[in-house]
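Visitor: I would like a close look at a single part of this model, the place where charged side chains come together. Please take it slowly, and then set that part against its surroundings.

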Amino acid sequence: MSKLALAQYKNDPTVKGMADTIRVSTTNIDNELIPWIVIPEITITDTRLFKSPEEKVKFNRLRYNVLKVLPYAMYARRKYSELQVQLNYAKSRKDKRVLIKAFEGEIKDMFNKEIKNLTITQGGILIKLIDRETGTSSYDLLKDMKGGITAFFYQSIARFFGNNLKNTYDPQEDRDIEAIIQAAGYYSYSYL
């Protein structure tokens, strides 16, 4: 296309004025060049209103529990992705078992005391957050790493205490948890 053809547009992009310093994309609509720029998405939130003081206390308790177990779920995501990379390079089943054993030992050494001291409610939230962060339920993670019998055993223990390792995270159903996480500045890799 020649300069002569471009000059037929109302706003010729090849002709610069004194104040033309910002480069933007343009769209041609009816022989008129319309400039546009991409604006990052923003989220507007409002102050939450509670129906009763009990509801506010319940929400604050949930907030405390979520923020307490969220670092564990994020650590689990990071370590699980590292393990998956290492397992892809493992040559034999024996090498894979050694990697899984080392992974399990590292997690036990780091968090054994803290995770044992979690409440039942915090454990249930942790199960959901692990699914949120890894995209896989805790039961499936156990089944992949330790086998079906071990996963069944841990599922039985979890069910005895009122939790379910097969629980999945749904941002719509668990919107209070999601709002707490978003307000704290954390983002999900699986659901965003």
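**A buried charge network and its surroundings**

Guide: Glu 133 is buried, with a relative accessible area of 3%. Before going further, please keep in mind that this is a predicted model, and that each value below is computed from its atoms. The residue counts as buried because its 3% relative accessible area falls under the 20% that sets the limit for that class.

Glu 133 meets two arginines. With Arg 77 it forms a salt bridge in which the closest N and O atoms are 2.3 Å apart. Glu 133 belongs to helix α4 and Arg 77 to helix α2, so this pair ties together parts of the chain that are 56 residues apart in sequence. Arg 77, like Glu 133, is buried. The second partner is Arg 132, whose side chain meets that of Glu 133 in a salt bridge at 2.7 Å, N to O. Arg 132 has a relative accessible area of 0% and is therefore classed as buried.

Arg 132 also has a further contact, since its side chain and that of Glu 178 meet in a salt bridge at 3.1 Å, N to O. Here again the pair links distant parts of the chain, with Glu 178 in helix α7 and Arg 132 in helix α4, 46 residues apart. Glu 178 is buried as well, at a relative accessible area of 12%. Through shared partners, these salt bridges join Arg 77, Arg 132, Glu 133 and Glu 178 into one network. As a general point, side chains of opposite charge can pair when their charged atoms come close. When a side-chain nitrogen of Lys or Arg within 4 Å of a carboxyl oxygen of Asp or Glu is taken as the criterion, the count comes to seven salt bridges.

The helices just named appear again when one turns from charge to nonpolar packing. The largest nonpolar core has 19 residues, and those that touch the most other members are Val 66, Val 69, Leu 126, Leu 129, Ile 130, Ile 177 and Ile 181. Helices α2 (53-89), α4 (120-134) and α7 (175-183) each supply at least two residues of this core, and α2 gives the most, with nine. The helices that carry the charge network, α2 and α4 for one pair and α7 and α4 for another, are thus also named as contributors to the core. In soluble globular proteins, nonpolar side chains tend to be buried together.

For the wider setting, the protein chain has seven helices and two strands, following the pattern α-β-β-α-α-α-α-α-α along the sequence. Buried residues make up 29% of its 192 residues. Helix α2 also holds Glu 82, which is partly exposed at a relative accessible area of 35%. Glu 82 lies 9.5 Å from Phe 103, C-alpha to C-alpha, although the two are 21 residues apart in sequence.

The surface offers another kind of grouping to set beside the buried network. Ile 120, Phe 153, Tyr 154, Ile 157, Phe 160 and Phe 161 form a nonpolar patch there, with about 640 Å² of accessible area together. Helix α6 (residues 148-160) provides the largest share of this patch, four residues.

A search of the whole structure finds three aromatic pairs. In one of them, the rings of Phe 153 and Tyr 154 have their centres 5.7 Å apart and their planes at 65°, so the pair is edge-to-face. Phe 153 is partly exposed at 47% relative accessibility, and Tyr 154 is partly exposed at 36%. Phe 160 and Phe 161 form another edge-to-face pair, at 5.2 Å centre to centre with 85° between the planes. Of its two members, Phe 160 counts as exposed at 68% relative accessibility, whereas Phe 161 counts as partly exposed at 47%.

One further charged side chain deserves mention, namely Lys 166, whose charged end sits over the ring of Tyr 139, 4.6 Å from its centre. To return to the part you asked about, the network consists of Arg 77, Arg 132, Glu 133 and Glu 178, joined by salt bridges that share partners.

Notes
Residues are numbered from 1 along each chain as its sequence is written. This is a predicted model: local features need pLDDT of at least 70, side-chain atom pairs count only at pLDDT 80 or more; totals for chains, interfaces and linings use all residues. Side-chain values use heavy atoms; hydrogens and water are left out. Patches are made of residues with over 30% relative accessible area and no salt bridge: like charges are joined within 9 Å, nonpolar side chains (Val, Leu, Ile, Met, Phe, Trp, Tyr) within 5 Å. Accessible areas come from the Shrake-Rupley method with a 1.4 Å probe; for residues, only the protein chains shown count as cover. Rings of Phe, Tyr and Trp (its six-membered ring) pair if their centres lie within 6.5 Å; planes under 30 degrees apart count as stacked, over 60 as edge-to-face and the rest as tilted. Buried means under 20% relative accessible area, exposed over 50%, partly exposed in between (1.4 Å probe, protein chains only). A charge sits over a ring if NZ of Lys or CZ of Arg is within 6 Å of the ring centre and within 35 degrees of the ring normal. A nonpolar core is a set of buried Ala, Val, Leu, Ile, Met, Phe, Trp, Tyr and Cys residues joined through side-chain atoms within 4.5 Å.
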